[in-house]
Amino acid sequence: MSLKGVITMAVSLLGVLALAAAASLITLTTYLHRTTESMGEAVEGVRLAEALQVDLLSLARLPVSSQQPSADNGRSLASTQAAVQLHLSEARRNARTEQERALLDEVERSISDFFLAREGLENQPTEEVSRVMGPRMESALSVLDRLVEFNVQEARAARAQADRWDGIADVIGIGVASLLVLGGAGLLLWMRRFVFRPLLDISQAMRRFGSGRKRTRAPEEGPAELREMAHTFNEMANSLSRQQDQQLTFLAGVAHDLRNPLSALKMSAALVTSGRPVTEERMRKTMALVRRQVARLDRMVGDLLDATRIEAGRFELSLEERDARELATEVVELYQAGGSSHDLRLLLPEEPVLLSCDSTRVEQVLHNLVSNALKYSPGGSVVEVRVERAGDEALLSVVDRGIGISAEEMRHLFAPFRRTGRARETAPGVGLGLSVTRRIVEAHGGRIEVDSRPGKGSTFRVRLPLSRAAAHPPEARPGESAAGPADSVH
Ligand code: ADP
């Protein structure tokens, strides 16, 4: 599983949990609000019922007789009646259930019964008033008691409901908190086991590798990203180790190759300075040997410098227009003058093959290819250098009939310091010439190809773009034909 996947899942679960907690909180507060509302209504119902009881009791204390009406008494009766009406209508507005409304109807009936009876008792003796009004008052007060009791029950029910919601809120709160704690702890444990430990392993492997233990590799385990990181580090470590091995091989090769020409030079110098008489013929041969060894050393140092420049990205070309035929001729003549034992042949077209190139570098390419062809083929065999024009390209080929290269070896032929097994046995070398050659050809916008068969020989082909003028010549004048692919080869 990937780290991103786990974190996304954990965050989504957390989000769902938070949403669920928020939804339950909203529902709970809504229900609690409703419960407190009904509790408030029940309390208000109790208050109104008791106010009505007080109204009735104060009414009972007022004199029924109007024989000696007093202004105060008249106002008290009217205001008490108004208060009764007001409390009754408030109680009706406050009533929420059918049962409460039925009780209120009963209250209203008994109060109006009380009023009617009271009106009919004008100028009656007190005993008669008490006899008639007493039971009516009792009945009205008892209905009001029932109303009070009903509202008290309602308030109790609302409180019980509030207690239930409170319990539910506790359960949800504790549940969500426990889930969060458990989830967080689980995530931490998972991260510790599958993220921090592999990370520590990778950093430890890096530290060990940095302190020189080149065989150290990071374990590729844990989430995909860390496996990928460890894999990348391991690949980098492998590549660095390979490079180090190559550098060691290279140093050994350089030391070995420097030794041969140096010992030849040492021996020649010893001969010249020995004081013994040396024939002219011997001297001439010794000087030719010195020249060859110096040229070889020069080429080796040149290749090394070029390889360093290429690696450092400081490889520049100074372009000029040159005929590829001239460049090939110069290189071949140099080898022919050097007394090569091979049958070195040069095949050129009649028409110029113009290149916009760094002539020294193109000559270096030809030098490398020709010297390899001579090095890796038996003395006396034919080595051909051909220049042709192929469409918009110049084709420079070097063909030998030497040891050849196997298909497997051909895959790494242009990598620095690579040498084939048979080449090592045949001739000294560092394995830099072809890699430098390919970089020079590619810097000119060209490419290099090889055809080879072990034991039969090799053909190296360099394709370079023709100069702009040669690739797109001005309109040919009547009677003349532009240089074309039909160039003949001598
Ligand atoms: P060097 O010749 O100094 O070893 P190069 O980079 O020029 O280095 O060549 C790399 C390798 O390619 C050689 O060691 C040899 O194995 C192989 N090679 C190059 N040219 C030829 C050739 N003409 N015939 C056979 N093998 C060749």
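I began just past helix H11, where Gly 445 follows with a positive phi, near 80°. Helices here are DSSP runs of H or I of at least four residues, strands are E runs of at least two, and both are numbered from the N terminus. I note that this is a predicted model, in which local features need pLDDT of at least 70, side-chain atom pairs count only at pLDDT 80 or more, and totals for chains, interfaces and linings use all residues. Residues are numbered from 1 along each chain as its sequence is written, and side-chain values use heavy atoms, with hydrogens and water left out.

**Helix H11 and Thr 437**

I listed the buried residues of H11: Gly 433, Leu 434, Ser 435, Val 436, Thr 437, Ile 440 and Val 441. Buried means under 20% relative accessible area, exposed over 50%, and partly exposed in between, with a 1.4 Å probe and protein chains only. I then asked what covers the buried residues of H11. The cover includes helix H6 (280-311), helix H8 (359-375), strand E6 (447-453) and strand E7 (457-465).

I picked Thr 437, which lies in H11 (residues 433-443). Its relative accessible area is 0%, so I entered Thr 437 as buried. The side chain of Thr 437 reaches the backbone oxygen of Gly 433 at 2.7 Å. I set aside neighbours within four places in sequence and found Thr 437 in contact (heavy atoms within 4.5 Å) with Val 365, Asn 368, Leu 369 and Ile 448.

**Helix H3**

I checked the length of H3 (residues 98-119) next. Its 22 residues should span 32 Å at 1.5 Å a residue, and the end C-alpha atoms are 32 Å apart, which agrees. The expected span is 1.5 Å times one less than the number of residues.

Which residues of H3 are buried? I found Glu 100, Leu 103, Leu 104, Val 107, Ser 110, Ile 111, Phe 114, Phe 115, Ala 117 and Arg 118. They cover an arc of only 165° around the axis, so they lie on the same side of H3. The arc is that of the directions from the helix axis to the C-beta atoms. I added a general note: an α-helix has 3.6 residues a turn, so residues three or four places apart point the same way. On the face of H3 turned away from the buried side I found the exposed residues Glu 98, Arg 109, Leu 116 and Glu 119.

**Two more residues**

I looked up Gln 53 in helix H1 (residues 3-61). Gln 53 counts as buried because its relative accessibility is 13%. Apart from neighbours within four places in sequence, Gln 53 is in contact with Leu 141, Leu 144 and Asp 145.

Asn 260 is in helix H5 (residues 224-273). At 34% relative accessibility, Asn 260 counts as partly exposed. Not counting residues up to four places away in sequence, Asn 260 touches Arg 296 and Pro 428. I also took the C-alpha to C-alpha distance from Asn 260 to Arg 96: 116 Å in space, with their positions 164 residues apart in sequence.

**The whole chain**

I counted 12 helices and seven strands in the protein chain. The radius of gyration is 57 Å, well over the 23 Å that the globule rule gives for 490 residues, so the chain is more spread out than a compact globule. That radius is taken over C-alpha atoms, and the rule is 2.2 Å times the number of residues to the power 0.38. The C-alpha trace spans about 180 × 70 × 40 Å along its principal axes. Of the 490 residues, 36% count as buried.

Conventions: Polar contact = N/O pair within 3.5 Å; in protein donor to acceptor, adjacent residues only side chain to side chain.
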